[in-house]
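What follows is a walk through one protein chain, from a local helix feature out to the overall totals. Please keep the coordinates open while reading.

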Amino acid sequence: MTPHAPVAFGGRVVSNAITCSRNGFETRTAAQLMSSARPKASTMKAAILIQRWYRRFLARIEIRRRYTWTIFQSIEYAGEQDQVRLYNFFNALLTHIPETAGRPLDSQNTSRSSSAEALNMKFSDESDDLADEGITGPDRGYQGPEIKFPLDKKELEVIIDLFRKKKNRLHAKYVAGILREATSKLKRLPNLNQASTAISKQVTICGDLHGKLDDLLVVFHKNGLPSPENPYVFNGDFVDRGKKGLEVLLLLLCTFLVFPGGVFLNRGNHEDTVMNARYGFIREVHQKYKHNAERLLKLIDEVYRWLPLGTIVNNRVLVVHGGISDSTDLDLIRSLDRGKYISLLRPPITESTAPGAEIIDKVEWKQVFDILWSDPQHTEGCRPNSLRGAGTYFGPDVTNKFLQRYKLQYLVRSHECKPDGHEIMHGGKVITIFSASNYYEIGSNKGAYLKLDPQLDTHFVMYTAAASKTRKLTFRQRVGLVESSALRELAAKLRERRIELEREFKSRDPENKAE
């Protein structure tokens, strides 16, 4: 059959090729399909090229993110190494001059104070105008809230509101009262807290906060205030680096006082006056309470020395700030006197004159150092933590042996900033949790907290404080912002060491042949 002539339909000329023979129709249809397939092939090639380009773009961004991260961590750990040199110095004293360790030490020489019992508790107002006029009365000019002891939930809400609004500063006498009350309660606790999901059906674990009050408030907003039905474990490093370290410390201590059995506080490596001198917390206290700073810092030292060293959840999960080593002994940690370790970077206080007392002190000292300063590694074995200058790197074999020995299920630790606020290592047996978002720079990392149910299954919640500042930024912009900050930090460090670097370059190239 031959095709009919075209016919007009609706003002258009339409081919009636559809009336062709069956074979002709099929042939035309196949041709149409083949012609339509050609542009699809080119579209696929274009899509593949775009995808390939985008993957390369992301890879370049990821490389920038990783070297930026390396710069920040290297600078951070280099500072810690300087502080740990003090520890090595005193350790050498204990090794080569053992009689100094056996001699009773006056706590006034090893820290600001080992006791605050005789401390003058008359604290002046911090209003600058009153101080300039020589008025130092404890209440004159004070516009903040009046706090009554013992604290209750109402007082806690007043303090949270005060810290959030940033309008007035809590009077120094109330700060001192919180510190003294907390110290009194902390002294009664064992070295290792015991937490349980029996009543609460859950336990929330928070990592490093480092003076990030916004992060702590975000956690409380998302997860609720602590209580016996909603217990928290705060795993150390409450202060330093952030601008609100004092507020974070005071708020945690207030929740500890208001909710007995609802808040467990672990000591971190930054709950240490020597670390605070380098990383900003002492400077922060002096800026906020310049007329009362020294007395407050003595009380803070007392809090530090009595903070428990870890927490065990349901007798199955160990929570410590840093980690473990191949010599970590929980029985020894349970029995040691943590009160003598006012600062781990100074010799422990000992009044023992018994032969061998200094050796026992050194063994204990290392036990505390290892659980506060150590980091996990992917490779087997246990070796000194050369990057930080203290603690160890412990491998999966060390973890497995330790967990089997003490019949534990896994280990939760903090101490390291992670891009997503958490990381799982050693086959799920070591969990790192870090709760300070934007730690290095805005957009550098998320914060996270960990929730455990009665079966000890894990659930991570990630967040970013000041999210409005990062929400509008693209991934590339966030990486660029963090990268520029890292390069500024690196440039500052290079300028500090310029003379040493130039001297080293000249020693390696005395004829100045390098271009």
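Glu504 and Arg508 both belong to helix H17 (residues 498-508), where they sit four residues apart, about one turn of the helix. An α-helix has 3.6 residues a turn, so residues three or four places apart point the same way. The side chains of Glu504 and Arg508 meet in a salt bridge, at 2.8 Å from N to O. Glu504 is partly exposed, at 38% relative accessibility, and Arg508 is exposed, with a relative accessible area of 67%. Elsewhere, salt bridges with shared partners join Asp375, Arg388, Arg413, Glu416, Lys418 and Glu423 into one network. The model is predicted, and side-chain atom pairs such as these count only at pLDDT 80 or more.

Within that network, Arg413 and Glu416 form a salt bridge with an N to O distance of 2.6 Å. Both of these residues are buried. In the whole structure, the search finds 14 salt bridges. Side chains of opposite charge can pair when their charged atoms come close. Another case is Lys340 with Glu364, whose closest N and O atoms are 2.9 Å apart. Lys340 lies in the loop between helix H12 (330-335) and helix H13 (357-373), and Glu364 lies in helix H13, so the pair ties together parts that are 24 residues apart in sequence. Buried or exposed, what are the partners of this pair? Lys340 is buried, with a relative accessible area of 11%, and Glu364 is buried too, at 9%.

The next stop is a small sheet. Three strands form an open sheet in the order S9-S11-S10, with mixed pairing. Strand S9 (375-376) and strand S10 (382-384) stand at the edges with a single partner strand each, so one side of each has no neighbour in the sheet. Strands of a sheet pair through backbone hydrogen bonds, either parallel or antiparallel. For S10 and strand S11 (residues 392-394), the sense is antiparallel, over three bridges. Arg383 has Tyr393 in S11 as its bridge partner.

Some backbone features deserve a check in the viewer. Most residues other than glycine have a negative phi, and most peptide bonds are trans. Asn315 is not a glycine, yet has a positive phi of about 60°. Asn315 is placed in the loop between strand S7 (310-313) and strand S8 (317-319), and counts as exposed at 54% relative accessibility. His426, also not a glycine, has a positive phi of about 55°. The loop holding His426 runs between strand S13 (422-425) and strand S14 (430-433). His426 is buried, with a relative accessible area of 11%. As for the peptide bonds, the one from Phe149 to Pro150 is cis, with omega near 0°. Pro150 is in the loop between helix H4 (128-132) and H5.

Helix H5 (153-165) also serves as a packing partner for the buried residues of H7, and H5 is among the elements that the buried residues of H6 pack against. Helix H6 (residues 172-186) has 15 residues and spans 21 Å from its first C-alpha to its last, close to the 21 Å expected at 1.5 Å a residue. Its buried residues include Ala172, Tyr174, Val175, Ile178, Leu179 and Leu186. Besides H5, the buried residues of H6 pack against H8 and helix H11 (293-306).

Which residues of helix H7 (residues 213-223) are buried? They are Leu213, Asp215, Leu216, Leu217, Val219, Phe220 and Asn223. In addition to H5, these residues pack against helix H8 (245-258) and against strands S4 (203-206), S5 (232-234), S15 (447-452) and S16 (458-463). Just after H7, Gly224 takes a positive phi of about 90°.

The totals close the tour. The protein chain contains 17 helices and 16 strands. Of its 515 residues, 49% are buried. Among contacts with a separation of 6 or more, 74% are between residues 24 or more positions apart. The chain exposes about 26,300 Å², of which carbon and sulfur atoms supply 54%.

Technical notes:
Residues numbered from 1 in each chain as written. Predicted model: local features only at pLDDT ≥ 70, side-chain atom pairs only at ≥ 80, totals over all residues. Heavy atoms only, no water. Helix = DSSP H or I, 4+ residues; strand = E, 2+ residues; numbered from the N terminus. Buried < 20%, exposed > 50% of the residue type's maximum accessible area, 1.4 Å probe, protein only. Contact = heavy atoms within 4.5 Å. Areas by Shrake-Rupley, 256 points an atom, 1.4 Å probe, with all protein chains shown as cover. Salt bridge = Lys/Arg side-chain N within 4 Å of Asp/Glu carboxyl O. Pairing = 2+ DSSP bridges. Expected span 1.5 Å × (residues − 1).
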